[in-house]
Each structure stands twice: as C-alpha cells, then as structure tokens.
Amino acid sequence: MSEISWGLWELLLQGVWITVQLTVYSAALAAVVAFVIGLARAHRLWIVRFLSGAYFEIFRGTSALILMFWIFFVLPIGFGWQLVPMWAATLALGLSYGAYGSEVVRGAVNAVAPAQREAGIALSFSPAQQLRKIILPQAWPEMVPPFNNLLIELLKGTALVSIMGVADIAFGASLVRNATGQSAPVYTIILVMYFILAFLLTRGMRVVERHAKAGIGKAPEKREGLRSKLSAGQVGDITRSGAAPAGGAGQ
Amino acid sequence: MSADSSISKETANPAVDGSELIRFDHVTKRFGTNTVLDSLDFTVSSGKHVTLIGPSGSGKTTILRLLMTLLKPDEGTIRVGGEYLTHEKKGERLVPAGEKHTREVRKNIGMVFQQFNLFPNMKVLRNVTEAPVHVLGMPKEAAEERAHELLDLVGLTEHVDKYPSQLSGGQQQRVAIARALAMRPQVLLLDEVTSALDPELVAGVLDVLRDIAHTTDITMLCVTHEMNFARDISDDVLMFDSGRVIESGPPEKIFTEPEHERTREFLSAVL
C-alpha cells in the first residue's frame with residue numbers, strides 16, 4: 001500500500017468524515033420519521049392510519065437511489081430550486097430508512113402489554129400522557145436492537161451518494177483508485193473503514209440498549225462472551241440471576 | 001401492619017351519607033354473540049363495600065371494567081355520583097361521552113388489577129406519585145409525602161427506591177393499592193387482586209385491604225374468590241350468574257342461608 005501517498009489518505013479520511021455526517025443527519029431525520037409514522041399507524045382516526053400506511057408502503061417500495069435522483073433532478077423541475085447533493089441524499093436516506101424504522105416503532109409499541117395502557121386509563125392519564133410516560137419508555141428498549149441494524153444498513157447505504165458526486169468514503173476511494181490505478185488496496189482499505197464505523201455504531205448502540213433496559217428495571221444481560229461461556233460450563237450458579245424476588249418464586 | 005387512623009380522614013369523601021354512588025341502568029354487554037351482562041340494574045351506596053361473587057364468566061369482572069371505562073356498554077347507562085360515566089348530556093339528549101368527560105368522571109374511580117400492572121419503567125415512589133402530580137396537578141412534594149404515607153400503610157417504606165421487577169408479587173400488589181389510593185378515589189375497584197399471588201403472599205395483601213376497608217370511607221367493589229375476606233369486609237354480596245344478579249344481601253345471609261339453589265351450589269364448590 002506504499003503507493004498511496006499521504007494526500008490520497010487524506011482524501012479517504014475526508015470521505016470518512018462526510019460519511020459520518022451523512023449517517024448522523026439522515027439517521028436523525030429517519031428517527032423523526034420513524035416515530036411520527038410508526039405512531040400514526042396506530043392512531044385511532046382511520047385517515048391518519050391510511051396516510052401513514054400509504055407513506056410506509058411507498059417509501060419502503062421505492063429504491064433509495066432512485067429517490068435520491070428524483071429529489072435531486074426531478075424536484076427542481078417542479079420547484080425551481082435544487083438541493084445541494086448532500087441534502088438531497090440526507091432527505092432520500094432519511095425518508096426511506098424512516099419508513100423501515102416506523103415498522104420497528106409500531107411493532108415495539110404494539111408489544112407493550114395492553115394491561116399497561118389499562119393501568120394508565122385507570123389513573124386517568126390522557127392518551128398523550130399514556131404514550132409518553134408509559135408506552136414509549138417500555139417500547140424503547142425493544143426498539144434499540146432493530147434500530148442498530150437499520151443504522152448499519154443506513155451507514156452502508158450512504159455509499160449511494162458517491163454516484164451524485166458527494167465526496168464520501170466510496171467517492172474518495174474511486175478517486176484514489178483512478179490516481180493509483182490499483183483497486184485491491186483501496187477497496188480493501190474502505191472495506192475495513194466501513195467495518196470499523198459499523199462496529200463503533202454497534203458498540204454505541206449496546207450502551208444505549210443497556211441504559212434503556214436499566215431504565216425499566218431490567219438488570220443488564222449477562223455478556224455472551226467467551227469467558228462467560230467457559231465459566232457457565234463449570235458451575236450452574238443460580239444466585240447470580242440478578243434481582244430475585246424477595247418474597248418467593250413465581251411472580 | 002397497624003391501622004393508621006389519620007388515613008381515614010384524608011380519604012374521607014364528601015358524600016358519605018349512604019346516598020347512591022353507582023348506578024347501572026339496563027346495562028347490556030356482549031362479546032360477539034355472547035351476552036355477558038344482560039340488562040343489568042344495580043346500585044351501590046356511598047361508603048359501602050360490595051363483593052361480587054359467582055362462577056367465572058358470569059360478568060363480575062366485566063362490571064368493574066365497565067366502571068373503569070376499559071369497556072363500553074352496548075346498551076344502558078352507568079352513573080357515578082350522579083354523573084353519567086358513559087354518556088354526557090347535550091341539552092336534553094344523552095350522547096355517548098367524549099374522552100374528556102369520561103376522564104373527569106373516572107377520576108373518582110381507582111382500580112387494582114389481578115396482575116398489578118405497575119409501570120416497570122418507574123420506581124415504586126414514582127408509580128405512586130405520577131398520576132397525582134400529572135393528572136390531579138398536585139405539587140410534587142405533597143404527592144411524595146402522601147406516597148410515603150401510603151407506602152407506610154401498605155408496609156413498603158423501605159422499597160420506595162426499587163423498580164417493580166425487584167419486588168415480589170405481594171409487594172407489587174401492595175404498591176398497586178397505594179397507587180390507586182393516591183388518587184383519592186371515591187370508589188376502589190378490586191379485580192381478583194390475590195388470584196395471581198403465591199398462597200403465602202395472599203394474607204399480606206388481604207390484611208392491607210381489610211385495614212383500608214375498616215378505616216376509610218372509600219366505596220369498594222370487589223371481585224374475589226377469597227370468601228372469608230368477602231365475609232369480613234362486605235356490607236353486601238351480589239351473586240352473579242349468566243350476567244344477572246340472582247341474589248343479594250348481607251354476607252351473613254348469603255354465606256349461611258342463601259335462598260337460591262345456584263348460590264348454594266356455587267358456595268359449596270368454593271368454600
């Protein structure tokens with residue numbers, strides 16, 4: 001890899017920064033869309049359910065790449081102004097990954113025991129209070145792992161923007177490849193770069209997940225590491241199972 | 001668990017004069033083709049403790065759920081303290097109640113569930129203070145002071161800072177009782193509150209409820225299979241079968257000399 005000069009490395013690292021920014025911006029937009037659409041799909045008014053369901057189906061069923069082109073090239077025809085490629089990409093990725101995310105939100109909210117809502121009614125909480133204080137805090141820990149998957153999909157999906165000339169990792173890689181004429185080292189490097197970014201995201205989301213579970217009184221799960229597997233084989237230590245009910249078994 | 005007499009004054013409701021507090025008029029509830037309540041009429045006077053007994057599927061729990069507005073009646077009306085729970089008056093006409101009206105009337109009613117239904121995302125103290133603060137608009141300090149009193153009443157002072165998942169079933173149910181009382185309801189609905197508990201935990205919960213029944217003026221509607229408890233606390237016992245009240249009276253009469261054959265069968269099966 002000695003052929004890649006410092007200048008070219010810089011190009012790749014700048015690409016990493018653009019990829020990170022793009023991931024953060026589109027993830028923020030996707031999160032907003034996911035919650036709004038996901039909750040709207042369980043709304044009591046049919047028209048709200050219908051519109052949000054239509055949004056979900058349309059954006060799930062369209063390619064993020066074509067959507068990006070559409071926002072960049074077709075919207076200007078109608079509106080007379082053009083988004084910079086970065087924002088067109090953010091919009092396209094945020095809207096389509098938000099559609100996937102809405103399914104996660106809807107599923108997690110539905111999975112909260114109906115009895116929790118009943119307890120909320122019995123204490124006269126308004127529907128909005130029930131959602132905010134009871135349902136969402138319990139649904140949130142269930143959302144984190146699938147959100148992690150989506151986030152990594154999104155990270156990898158950002159490579160699409162290189163086609164529109166946004167200088168992300170993939171774009172930087174093609175420049176470097178043109179300069180050096182060598183594919184193997186460049187693509188190996190960016191393979192590893194994407195992997196490291198994804199790995200860091202997963203680590204971050206683990207922390208979020210542990211925090212979310214602690215917030216509903218669940219002890220953090222035993223780590224499924226090699227070390228714990230080895231020791232579990234030796235002793236079946238029941239007393240370690242965390243907060244055992246004080247008054248007896250069963251409940 | 002000592003009876004705390006100061007509680008009785010605090011939960012005293014303004015209308016303990018034996019006047020009619022709950023009234024069901026021709027209430028019918030169906031699930032599909034199954035008629036669970038069949039044109040039911042009954043009233044409960046303020047301050048009374050009423051136990052609903054009967055075979056499972058006879059509609060007892062449905063009555064509590066209708067009162068808590070977790071279900072809507074198909075026909076008939078329910079009133080609590082003279083106010084329609086299910087309907088509101090538009091001029092002279094009765095129309096189905098809106099969410100806001102229902103919530104207002106419902107504030108007078110508290111419920112304890114079979115499965116406790118504590119909020120797992122809140123610690124014990126917040127389970128008890130959340131609704132008084134955010135629904136009744138109580139200042140936080142006052143709500144916490146009150147919560148400490150109630151948690152003391154149910155014998156859980158040392159657990160205020162735990163999550164529900166760290167408590168036993170019996171402890172969770174006692175928190176649920178404190179949580180319901182924190183709203184100062186006029187009516188407390190108890191829906192088979194010991195059925196999900198291990199046998200050795202039942203007594204503690206029933207002791208707390210006996211305490212509350214004997215030291216407060218709160219009106220209680222109780223669905224239970226604990227016949228001794230029912231006998232201890234009830235002013236009236238209603239025997240249900242197939243969505244109708246087939247017999248009612250003071251516990252001494254119902255439990256010792258029931259008139260109805262069906263009641264005798266039921267009691268001999270459960271006692």
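# Exercises on a predicted two-chain model

With 18 C-beta neighbours inside 10 Å, Glu88(B) counts as partly exposed. The model is predicted. Work through each exercise with the structure open.

## Exercise 1: Placing Glu88(B)

Task: Find where Glu88(B) sits and which residues it touches.

Solution.
- Step 1. Locate the element. Glu88(B) belongs to strand β6 (residues 87-90) of chain B.
- Step 2. Apply the cut-offs. Buried needs 20 or more other C-beta atoms within 10 Å, and exposed needs 12 or fewer. Glu88(B) has 18, so this residue is partly exposed.
- Step 3. List the contacts. Setting aside residues up to four places away in sequence, Glu88(B) touches Val95(B), Ala97(B), Gly98(B) and His101(B).
- Step 4. Check a distance. Thr33(B) is 55 residues from Glu88(B) along the chain, and their C-alpha atoms are separated by 28 Å.

## Exercise 2: Two chains, two make-ups

Task: Describe the secondary structure and burial of chain A, then of chain B.

Solution.
- Step 1. Count elements in chain A. There are 9 helices and 0 strands. Along the sequence the pattern reads α-α-α-α-α-α-α-α-α.
- Step 2. Count elements in chain B. Here there are 10 helices and 12 strands.
- Step 3. Look at burial. In chain A, 31% of the 251 residues count as buried. In chain B, buried residues make up 45% of the 271 residues.
- Step 4. Look at contact range. Take contacts with a separation of 6 or more in chain A: 75% of them join residues 24 or more positions apart. For chain B, 66% of the contacts between residues at least 6 apart join residues at least 24 apart.

## Exercise 3: The overall form of chain B

Task: Test chain B against the rule for a compact globule.

Solution.
- Step 1. Get the expected value. A compact globule of 271 residues would have a radius of gyration near 18 Å.
- Step 2. Compare. Chain B has 18 Å, so the value agrees with the rule.
- Step 3. Add the dimensions. The C-alpha trace of chain B spans about 50 × 50 × 35 Å along its principal axes.

## Exercise 4: Tracing an open sheet

Task: Which strands form the open sheet of 4 strands in chain B, and in what order?

Solution.
- Step 1. Read the order. The strands run β2-β1-β4-β5 (chain B), with antiparallel pairing.
- Step 2. Find the edges. β2 and β5 (83-84) of chain B each pair on one side only.
- Step 3. Inspect one pair. Strand β1 (residues 20-31) of chain B joins β2(B) over 8 bridges in the antiparallel sense. One partnership links Arg23(B) to Thr43(B) in β2(B).
- Step 4. Add the helix. Helix α2 (residues 60-67) of chain B lies across β1, β2 and β4 (75-80) of chain B, at about 115 degrees to β1(B).

## Exercise 5: Pairings of β11(B), and positive phi

Task: What are the senses of the pairings of β11(B) with β3 and with β12, and where does Ser242(B) lie?

Solution.
- Step 1. Take β3 (residues 49-53) of chain B. This strand runs parallel to β11 (residues 236-241) of chain B, with 4 bridges. Val50(B) stands opposite Asp236(B).
- Step 2. Take β12 (residues 244-249) of chain B. Here β11(B) pairs antiparallel, with 5 bridges. Val237(B) stands opposite Gly249(B).
- Step 3. Go to the turn. The hairpin of β11(B) and β12(B) has 2 residues between the strands. Ser242(B) lies in that loop, and its phi is near 50 degrees.
- Step 4. Recall the general rule. Most residues other than glycine have a negative phi.
- Step 5. Meet another case. Ser39(B) has a phi near 45 degrees, but lies in strand β2 (residues 34-45) of chain B.
- Step 6. Judge exposure. Ser242(B) has 15 C-beta neighbours inside 10 Å, so this residue is partly exposed. Ser39(B) has 14 and is partly exposed.

## Exercise 6: Where the chains meet

Task: Describe the side of chain B that touches chain A, then explore the largest nonpolar core.

Solution.
- Step 1. Count. 31 residues of chain B contact 26 residues of chain A.
- Step 2. Name suppliers. Elements giving at least two residues each to this side of chain B include α4 (124-134) and α7 (199-215).
- Step 3. Sort. This side of chain B holds 13 nonpolar, 12 polar and 6 charged residues.
- Step 4. Turn to the core. Of its 126 residues, Met68(A), Ala178(B) and Leu189(B) touch the most other members. Helix α4 (residues 85-111) of chain A gives the most, with 12 residues.
- Step 5. Zoom in. Beyond four places in sequence, contacts of Met68(A) include Ala88(A), Leu160(A) and Met164(A).

Terms used:
Residues numbered from 1 in each chain as written. Chains lettered and ligands numbered in written order. Predicted model: local features only at pLDDT ≥ 70, side-chain atom pairs only at ≥ 80, totals over all residues. Rg over C-alpha atoms; globule rule 2.2 N^0.38 Å. Contact = placed C-beta atoms within 7 Å. Nonpolar A, V, L, I, M, F, W, Y, C, P; charged D, E, K, R; others polar. Core = buried A, V, L, I, M, F, W, Y, C linked by C-beta atoms within 7 Å. Pairing = 2+ DSSP bridges. Axes fitted to C-alpha atoms, helices over the stretch in contact; angles between N-to-C directions.
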